[in-house]
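Here are some short exercises to work through with the model open beside you. Try each one before reading its solution.

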Amino acid sequence: MSALLMAIYLRGMTPAEIARWTAAMVGSGQRFDFTDLRRDGKPLALVDKHSTGGVGDKITIPLLPVVMACGGAVPQASGRGLGHTGGTLDKLEAIRGFSAELSKNQIRQQLCEQGAAIFAAGELAPADRKIYALRDVTATVGSLPLIASSVMSKKLAEGARALVLDVKVGRGAFLKTEPESRELAQTMVDLGNANGVPTRALLTDMNRPLGYAVGNAIEVAESLDVLAGGGPADVVALTLELATEMLAAAGIDGVDPADTLRDGSAMDRFRALIAAQGGDLSVALPVGAASETVTADRAGVLGDLDAMGVAMAAWRLGAGRASPGEPVQAGAGVRIHRRPGEPVAAGEAVFTLYTDTPERLRPALAELDGAWSVRDTAPPELPLVIDRLG
Ligand code: URA
């Protein structure tokens, strides 16, 4: 299998080969079907989203309750982080008691009663779990056909009737260039549509981290800010863009997803969902016991911020894992105090790093070297949504 993965990495696959490979991965496990489920006598508007992996990409956390509050039902098979990108499950498990180990019956019950279920991919496309671990050790993660089949095998198996993909482009993404990401998006859209799941994709910027928080608990806290009607502008904007796409894909109209952040209904949905999965939001989120602050040595505006440098710092602090199955630190991460273009005075904080393991601070600080600068003029604004496909 390692030799085959390397051959695929080097030679690519034809569309027919990708389709056949993806079908075999879907067929390696269960395929959920929730079309018999009803709420108020009507079939559920089953829709999901998936991101190809970003830095500070906590969007699933505020997005699900927004879509639930607008009448959508989201069966969300989530993964753990590997390499430099975080996983939604690692983030949510920073909430005391939260569990994503749901039985099929629990998923069905939650979809009807709550409008969403967040569960470990587990029995869905189990071949992906094994292949993903091999890709990690054979350095074949960044292969377009392997990413497309990995994402789509889980999503085709999870029982959504429509799918929205957030395909990342840039330094912090698995595929760095726009043409590669565009081809990845089109490949996944074609796979979804060919398998009876209407699929659309947004190409979004991942040169800079999303928001001000990169890690686990720290990203949950930022998501709660968004659900409370605040939060960073880019996180709010991407949440609402993806919600709009999901609602359109699910055939829900006449609702404004932004209202659910203003009127608190998305927050209510989030609290109910987390409680249904055993989580206790009244317990303070963990913060790493050791911290270090990086300050600006001159006044100016923050220049560009390299998502990969910030991701690697968070990973060194213990927010991510080096091999599958390793534990992550819930309280580890990076708080970004200034985003590109924001003014900063000499001596003011630019980053705070958190970890439970003080010896991790030095290597994490080294990862940030060269990832940021203070300059006289603001760097160019980067559009958050680059394009829409499907
Ligand atoms: N997300 C996945 O599920 N698989 C990949 O290969 C990359 C991102």
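**Exercise 1.** Which residue is the bridge partner of V214 in β11?

*Solution.* Before we start, note that this is a predicted model, in which local features need pLDDT of at least 70, side-chain atom pairs count only at pLDDT 80 or more, and totals for chains, interfaces and linings use all residues. Residues are numbered from 1 along each chain as its sequence is written, and side-chain values use heavy atoms, with hydrogens and water left out.

Step 1: find the strands, which are DSSP runs of E with at least two residues, numbered from the N terminus, while helices are runs of H or I with at least four. Strand β11 spans residues 333–336.
Step 2: look across from V214, and you meet V334 in β11.
Step 3: widen the view to both strands. β8 and β11 pair in the antiparallel sense over three bridges; pairing requires that DSSP finds at least two bridges between two strands.

**Exercise 2.** Place β8 and β11 in their sheet, then find the helices that lie across them.

*Solution.* Step 1: the sheet is open, with four strands in the order β8-β11-β13-β9 and antiparallel pairing.
Step 2: its edge strands, each pairing on one side only, are β8 (213–215) and β9 (290–295).
Step 3: neighbouring strands here are turned by 15° against each other on average, direction ignored. Angles run from 0 to 180 degrees between N-to-C directions, and axes are lines fitted to C-alpha atoms, for helices over the stretch in contact.
Step 4: helix α9 (residues 217–227) lies across β8, β11 and β13 (349–355), at about 145° to β8. Helix α13 (residues 307–317) lies across β8, β11 and β13 too, at about 140° to β11. Contact means heavy atoms within 4.5 Å.

**Exercise 3.** How are α6 and α7 packed, by angle and axis distance?

*Solution.* Step 1: α6 (residues 126–137) and α7 (residues 144–157) pack at about 150°, with axes 10 Å apart.
Step 2: the two helices are therefore roughly antiparallel (over 145 degrees; under 35 is roughly parallel, 65 to 115 roughly perpendicular, the rest oblique).
Step 3: list the contact residues: D128, Y132 and R135 of α6, with L146, I147, S150, S153 and K154 of α7.
Step 4: sort them into three nonpolar, two polar and three charged. Here Ala, Val, Leu, Ile, Met, Phe, Trp, Tyr, Cys and Pro count as nonpolar, Asp, Glu, Lys and Arg as charged, and the others, Gly among them, as polar.
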